[in-house]
Amino acid sequence: MTEARPAGAAPASLWERDDEIAGIARAVDALCADRSSSGHLLVLRGEAGVGKTALLAETRRIAEDRGCAVWSARGGETLRSVPFNVVRQLLQPALLSLLPEEAREYLGDWYDIAGPALGIAEPGDGPADPQHVCDGLVAAVSRLATRCYPLVLLVDDAHWADQETLRWLAAFTERLDRLSVLVVVARRPEEVGGDRGRHLDAIGEAAGPRVTSITTLTPASVAGLTRATLGEHADAAFCREVWAVTDGNPYDTVELLAKVRDKGLDPTEASAAELRPLNRAARGGGLVDRLEELGVEATRFAMAAAILGGVGISIDEASRLAVMGRDTAVRCAELLRTARILTEPDPAAVPAAEGDLEFVHPLIATAVYDSIPSSLRTAMHGIAAKIVTEAGKGLAAASRHLIQVHPEGDQELVEQLRGAAGEHLAVGAPDAARRCLERALAEPPDPDVHARVLYDLGCATLLTAPARTVEHLRTALAMPGLEGDLRIDAVYRLSQALLHNDQMEEAVRTVEAEANRLAPGPAKMRLRAVQFMWECVHAGEAISPNRSEQLAALAATCTGRDNAERALLILRGFDAVTRGENAEEVVEYCDRALVNGGLAPGLGWTDQVWGIELLMMLSSSYAYTDRLDRADTFFNEALRTYESAGWSGGHLALAHAYLGLGLRRRGKLKEAEESLRKSLRLAERVGRGLPLYWSATCNLVDVLLCRGHVDEAWEVAEECGFAPPYPSTIVLPDPRSVRGRLLLAVGRTAEGINELEEAEKAAAVRGHLNPVMVPWAVDLARALATEDPARAALLAGDVRRRAERFGTDTAIGEALRCAAALETGQRAVRLAHQAVTLLESSPSQYEHAAARIEYGILSRSVSELNRGLTLARTCGADGLVEQAERALGAR
């Protein structure tokens with residue numbers, strides 16, 4: 001680039017940025033050209049002071065010149081712990097333009113979910129699901145973006161944005177192909193750890209090739225900028241030294257040239273030696289020295305502003321923190337503005353109250369904050385917390401200051417931090433709650449409160465950090481302070497954390513030990529039920545000998561008079577269905593656990609006392625005993641409940657997975673696939689490898705195989721890691737059986753047989769003898785029909801005996817289909833006809849369709865083939881459709 005000033009008399013900070021500006025202009029033009037066009041994401045990466053903020057300001061100018069609405073926000077180094085800080089800034093223009101009733105009407109169902117996070121609605125009574133809050137924010141911004149087209153969103157200093165905002169931004173940028181919005185994000189290239197770093201990386205990946213690295217200025221450009229600022233008489237040696245001193249950093253260059261001009265230096269080689277001392281005054285210790293030259297009061301005011309941080313620093317709050325009158329504060333603010341340390345926020349960029357301030361550059365804010373002696377900084381944070389609280393902003397807003405206060409056993413501070421944690425949980429910010437509670441422990445709390453803080457912390461970290469939860473709850477239970485129902489709940493949550501941490505045996509032993517120390521009563525009964533519940537979901541060898549017998553004996557004493565007894569009845573029913581006991585008895589146990597045909601109070605889908613596992617056992621027991629109407633009622637109720645309650649994490653993923661299971665059992669394969677793909681998308685966000693992820697994957701593979709979409713099933717299995725090792729908790733249907741069938745379907749017969757034999761061994765260890773729930777034997781018998789017909793016949797006979805013991809039409813019909821496949825001649829025809837007769841009266845349309853087609857082929861009946869073809873089309877079983885059409889074509 002030549003030394004000529006950029007076209008159009010651009011600001012000094014935009015020198016040598018022609019290519020970047022042209023790219024931004026093209027993106028804005030593309031946005032404005034077509035309302036239906038896809039959105040765009042641009043990421044500007046560069047070191048501090050390299051000019052990212054200036055490019056965002058130029059983006060605003062270009063966009064507003066073309067009639068765009070522009071919303072902007074900025075992360076802050078001292079504000080990273082403030083949840084939803086940046087997204088609230090970003091949405092202020094839209095939120096301020098709406099009356100409360102307008103916001104509620106416009107956001108609809110998302111108002112109560114996203115509103116608390118945005119500060120425009122009161123939170124609910126319990127903790128909010130972070131994933132659903134994120135989804136609510138995505139929906140809210142999407143609706144507002146449609147209202148405000150063409151819209152440009154600018155996020156500066158994204159490396160300092162809070163975790164909750166980055167989570168939302170990562171999710172929002174994934175959906176830009178369906179929104180006409182331009183998003184421009186500026187960040188430093190430095191590594192950011194933890195979840196914040198993961199979200200930033202996801203944003204970068206979403207941008208793809210539209211990530212621009214901003215470089216420093218060339219010597220020629222610095223020379224041009226120097227002469228444009230100081231005059232054309234600036235000599236070459238002086239200009240070279242300006243570049244050498246600043247390393248071409250635009251911010252440092254502009255600041256240095258301003259100081260040269262203020263000092264009246266002649267821009268010649270003779271003055272070049274004074275440039276380095278002047279440059280040191282722009283950052284770090286040099287800036288602090290320059291600040292102190294303005295006087296003690298100005299220094300104290302600047303420190304107060306740095307403690308308060310953010311955009312729109314209130315002069316009134318800063319004056320209180322600096323312990324000075326308003327007139328003195330106004331004078332100090334003016335001194336700091338003149339010295340280019342503070343400035344007034346750009347009202348076009350961020351709405352701010354009259355008189356509010358911000359630092360000229362984040363580098364200055366960091367230098368001032370770091371210059372405050374640690375003891376003074378701690379004390380100022382304590383005062384700031386009081387100021388924020390007294391201003392009515394709430395404990396959550398004050399918490400970033402509270403966590404900085406020096407620990408000294410202040411019990412009022414402990415309670416404030418607990419209150420702040422509750423506020424954070426209520427808006428869907430569990431990590432912020434965790435920070436508050438960890439700080440409360442450092443105070444430390446009094447002995448009678450200590451265990452409760454640990455309990456609160458365990459609840460806050462239950463799903464995000466199970467290993468840490470285990471530590472907290474174990475410590476809490478070893479201390480005085482947790483009594484009665486609270487202690488029982490702590491034991492239950494500890495067992496949940498152990499389960500999530502893949503410590504199944506310890507989970508069982510923990511509740512068993514606590515139950516043993518209790519006298520007979522509801523608490524003991526509850527823990528016994530929890531113990532059996534974890535054993536029921538364990539996929540390995542039984543932890544307790546004679547578990548089923550113990551459960552059966554205990555359930556025999558239950559009448560369903562309270563939820564502990566109802567839980568035991570559900571567990572007895574589920575254990576019985578896995579073992580292949582009589583289906584009518586299974587249904588009787590399950591029915592006795594209901595109240596007027598529905599879930600009892602306290603056993604609802606969102607109730608935390610028992611959790612989702614128990615109700616999924618109840619619903620799946622109905623599904624596998626052919627009571628699909630009842631199963632569908634509960635599966636759909638779960639889905640509606642979680643959607644209306646704003647739970648879009650693991651609970652909603654499981655609800656979709658089990659709804660898919662129910663639809664598959666009914667034979668509605670297209671609808672099942674749709675629900676299971678939703679489940680898998682949700683489970684992917686929660687985390688791979690978890691039981692809910694296995695549930696979604698296993699059921700989807702099963703449905704795709706039923707549909708005849710073998711290649712798709714294999715792709716899903718490969719992409720999702722549907723292969724050994726399997727999870728330690730059971731998954732329905734049995735994943736080994738499903739994978740064995742998949743391997744057979746893709747022609748890997750030997751591997752498929754091996755997998756099914758492993759399924760046989762695992763089922764024997766657990767006593768899982770239900771041939772419908774763990775269907776390895778049917779597929780293994782068919783696979784061995786040619787190479788080992790004797791063993792195949794034994795397997796088929798065993799399947800039939802077990803099916804008849806279980807007693808459902810579906811189970812017996814499937815056993816007869818298997819037997820028919822191994823026979824020939826009229827015996828095969830008779831068995832196939834028996835299968836059709838039974839499956840015709842079962843609710844499983846897919847199995848009925850398959851039986852019809854098989855019977856039509858064996859009996860050479862065109863009418864049976866046509867009936868089977870019609871059923872197969874209704875089910876969405878494309879593989880069966882092709883089979884029937886081939887058979888008809890051969891007639």
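**View 1. The stretch annotated as an Orc1-like AAA ATPase domain.** In this predicted model, residues 16–184 are the part that an unreviewed UniProt entry labels "domain: Orc1-like AAA ATPase". Helix makes up 52% of that stretch and strand 13%. Its two end C-alpha atoms sit 19 Å apart.

**View 2. A five-stranded open sheet with parallel pairing.** Read across the sheet, the strands come in the order β2-β3-β4-β1-β5, and the pairing is parallel. From one strand to the next, the twist averages 15 degrees. The edges belong to β2 (69–74) and β5 (211–213); each has a single partner strand, so one side of each is left without a neighbour in the sheet.

**View 3. Zooming in on β1 and β4.** Strand β1 covers residues 40–45 and strand β4 covers residues 181–187. The two run parallel and are joined by six bridges. To pick out one pairing, look for Leu-42, whose bridge partner in β4 is Val-184.

**View 4. Two helices laid over the sheet.** Helix α1 (residues 18–33) lies across β1, β3 (151–156), β4 and β5. Against β4, α1 runs at about 155 degrees. Helix α2 (residues 52–65) lies across β1, β2, β3 and β4, and its angle to β3 is about 170 degrees.

**View 5. Where α9 crosses α10.** The axes of α9 (residues 219–230) and α10 (residues 236–246) come within 9 Å and cross at roughly 115 degrees. That angle is why α9 counts as roughly perpendicular to α10. The crossing is right-handed. On the α9 side, the contact is made by Pro-219, Val-222, Ala-223, Thr-226, Arg-227 and Leu-230; they meet Ala-236, Phe-238, Cys-239, Val-242 and Trp-243 of α10. Sorted by class, that gives nine nonpolar residues, one polar and one charged.

**View 6. Backbone oddities in three loops.** As a backdrop, most peptide bonds are trans, and most residues other than glycine have a negative phi. The bond from Tyr-149 to Pro-150 is cis, with omega near -10 degrees; Pro-150 sits in the loop between α6 (130–147) and β3. Another cis bond runs from Glu-443 to Pro-444, with omega near -10 degrees, and Pro-444 is in the loop between α21 (430–442) and α22 (447–460). Then there's Asp-247, which isn't a glycine but has a positive phi of about 60 degrees. You'll find Asp-247 in the loop that links α10 and α11 (250–263).

Technical notes:
Residues are numbered from 1 along each chain as its sequence is written. This is a predicted model: local features need pLDDT of at least 70, side-chain atom pairs count only at pLDDT 80 or more; totals for chains, interfaces and linings use all residues. Side-chain values use heavy atoms; hydrogens and water are left out. UniProt positions are given in the numbering used here, feature names are shortened, and annotations may be inferred rather than shown by experiment. Helices (H or I, at least four residues) and strands (E, at least two) are DSSP runs, numbered from the N terminus. Axes are lines fitted to C-alpha atoms, for helices over the stretch in contact, and angles run from 0 to 180 degrees between N-to-C directions. Angles under 35 degrees count as roughly parallel, over 145 as roughly antiparallel, 65 to 115 as roughly perpendicular and the rest as oblique. A crossing is left-handed if the near helix is turned anticlockwise from the far one by less than a right angle, and right-handed if clockwise. Contact means heavy atoms within 4.5 Å. Ala, Val, Leu, Ile, Met, Phe, Trp, Tyr, Cys and Pro count as nonpolar, Asp, Glu, Lys and Arg as charged, and the others, Gly among them, as polar. Two strands pair if DSSP finds at least two bridges between them.
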